[in-house]
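Morning, everyone. I have one structure to walk through today. Let's get it up on the screen.

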Amino acid sequence: MPTLLSEAAALEAEIIALRRDIHRHPELGRSEIATSVLVERTLNALGIETRRIADTGIVGELRGAEPGPIVALRADMDALPIQEQTGLAFASETPGAMHACGHDLHTAALLGAAKLLAARRDSIHGAVRFLFQPDEEGDGGAQRMIDAGCMEGVSAVFGAHVAPELPVGTIGVRFGKAYAASNPFDIALRGRSAHGAEPHLGADAIVAASALVGAIQTLVSREISPLDPAVISIGSFHAGTARNIIADEAHLSGIIRCFGAETRAHLTRRLTALAEGVAAAHGVQADVRIQWGYSGIINDPTMTALVRDSAAGLLGQGAVTVEQEPSLTTEDFGAFLEHAPGSFWHIGVGRPGSPCVPLHNPRFNPDESALRFAAALHAQVAMDALSHLSKS
């Protein structure tokens with residue numbers, strides 16, 4: 001009897017062709033127009049009903065022969081503003097845009113899973129909802145899809161991300177804390193300009209901002225437990241117009257990454273207080289603006305165990321790694337987990353014997369043979385989750 005993995009292998013050329021089409025025509029967040037059309041057309045050809053949501057998002061629903069719970073599977077579709085340097089025959093034809101984070105693989109793999117599940121429609125009790133999400137790299141398309149109702153009635157939700165550090169044919173699961181919450185921030189320090197020869201007549205925004213950059217580093221090192229991962233990064237510092245003028249303004253931009261609501265609240269509160277305090281000590285004023293970014297990913301233990309067991313049964317026990325360390329990178333899949341239990345796992349795309357080219361790199365070139373494993377596992381997880389939920 002054919003298995004999901006053998007059926008996915010038979011579809012491999014088709015799934016790869018979808019991936020290459022998407023890769024050749026990358027679209028940035030909120031502009032995934034052609035990608036949405038491709039997704040819609042592919043799902044409709046399988047007899048899966050679709051609807052547009054959050055501008056360029058697509059929701060497809062595969063209803064089984066019998067009523068039951070709804071399980072959602074998510075893939076993100078947007079590209080990055082990077083100029084591709086792979087030299088591939090199917091390289092990006094859009095200047096300044098590239099699928100350097102693997103969202104082209106995510107989308108193609110989920111379309112492959114849709115085909116596998118559509119062939120099993122008669123044995124499905126419940127429904128599988130396919131969430132093709134825009135703008136993960138930007139403002140966060142997940143929340144906009146949720147606001148438009150994509151999670152209504154969903155009992156469990158799953159997603160995955162490619163991982164170049166894992167060999168192709170393997171997956172990684174994480175229990176509990178997986179991805180950090182994020183709070184991007186901007187700080188403007190406003191002082192008073194003066195001649196460089198008469199600094200006492202001014203209020204130096206550069207000196208104040210320099211002191212603040214150093215002081216910010218103590219928020220994590222002295223106020224957060226070493227066992228509670230957190231980091232505050234200052235990625236941008238702009239100030240001044242000339243070498244002999246005391247700057248009246250300085251602008252800092254950065255991001256807080258941490259786990260847990262309590263730590264998040266503490267760091268955002270203390271960052272504001274610290275900026276205002278340092279500014280006052282230097283005779284300048286601080287304007288602190290903190291965005292409430294992605295909520296982070298905390299995987300449900302039961303659903304993560306289900307993914308682990310599904311992967312072990314499909315790929316073999318040795319193909320599953322239980323990852324111990326959470327990542328301080330961010331991912332807006334966590335927004336879905338605030339509405340239903342679920343899990344987010346990693347798909348190995350590392351090439352055997354080749355150095356690992358990281359994500360967000362203009363030379364990122366994952367092993368496409370991972371697509372059959374990803375498609376099969378998406379389908380297996382959906383089937384196993386429906387079975388589990390029907391019995392509970």
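Start with a definition: a disulfide here is a pair of cysteine sulfur atoms within 2.5 Å. By that cut-off, this structure holds zero disulfides. Take C150. C150 is in no disulfide, and the nearest cysteine sulfur, at C101, is 20 Å away. That 20 Å has to be set against a limit of 2.5 Å, so C150 and C101 do not count as a pair. C150 is also buried, at a relative accessible area of 0%. C258 is buried too, with a relative accessible area of 0%. Keep in mind that this is a predicted model.

Now the pockets. What is the volume of the largest pocket? About 790 Å³. Its lining takes in 36 residues. Lying nearest the centre are E136, Y294, T330, E331 and D332. By class, the lining of the largest pocket splits into 11 nonpolar, 14 polar and 11 charged residues.

Which elements supply at least two residues each to that lining? Among them are helix α5, residues 141–147, and strand β5, residues 154–167. Strands β8 (181–190) and β12 (249–258) do so as well. The largest share comes from β5, with four residues.

On to the second largest pocket. The space there is about 200 Å³. It is lined by 16 residues, and A181, G260, A261, S295 and I298 are the closest to its centre. The classes here are 10 nonpolar, four polar and two charged. Helix α7 (261–281), strand β14 (297–299) and helix α9 (334–337) each give at least two residues to this lining.

Pause on G260, one of the residues closest to the centre of that second pocket. Where is G260 placed? In the loop between β12 and α7. Is G260 buried, exposed or partly exposed? Partly exposed, because its relative accessibility is 34%, and that class runs between 20% and 50%. One distance for G260: I224 is 36 residues away in sequence, and the two C-alpha atoms are 12 Å apart in space.

Next, the aromatics. A pair of aromatic rings is described by the distance of the centres and the angle of the planes. How many aromatic pairs does the structure hold? Three. I'll show two.

First up, Y179 with F344. The ring centres are 5.6 Å apart and the planes stand at 85°, an edge-to-face pair. The partners come from distant parts of the chain, 165 residues apart. Y179 sits in strand β7, residues 176–179, and F344 in strand β16, residues 342–350. Y179 is buried, at 8% relative accessible area. F344 is buried as well, at 3%.

Then F333 with F336. Why is this pair called tilted? The planes meet at 55°, so the pair is tilted, with the ring centres 5.7 Å apart. Edge-to-face would need over 60 degrees, and stacked would need under 30. F333 is buried, with a relative accessible area of 0%. F336 is also buried, again at 0%.

Put those four together. Ring pairs link Y179, F333, F336 and F344 into a cluster.

One last contact, this time with a charge. R264 lies over the face of W292, 4.3 Å from the ring centre.

To recap: zero disulfides, a largest pocket of about 790 Å³, a second of about 200 Å³, and a cluster of four rings named Y179, F333, F336 and F344. Thanks. I'll take questions.

Technical notes
Residues numbered from 1 in each chain as written. Predicted model: local features only at pLDDT ≥ 70, side-chain atom pairs only at ≥ 80, totals over all residues. Heavy atoms only, no water. 1 Å grid on protein atoms, 1.4 Å probe; cavity = no way out; pocket = protein on both sides within 12 Å on 5 of 7 lines; lining within 4 Å. Points joined across faces, edges and corners; volume = space filled by probe spheres on them. Nonpolar A, V, L, I, M, F, W, Y, C, P; charged D, E, K, R; others polar. Phe/Tyr/Trp six-rings, centres within 6.5 Å; stacked < 30°, edge-to-face > 60°. Buried < 20%, exposed > 50% of the residue type's maximum accessible area, 1.4 Å probe, protein only. Lys NZ or Arg CZ within 6 Å of the ring centre and 35° of its normal.
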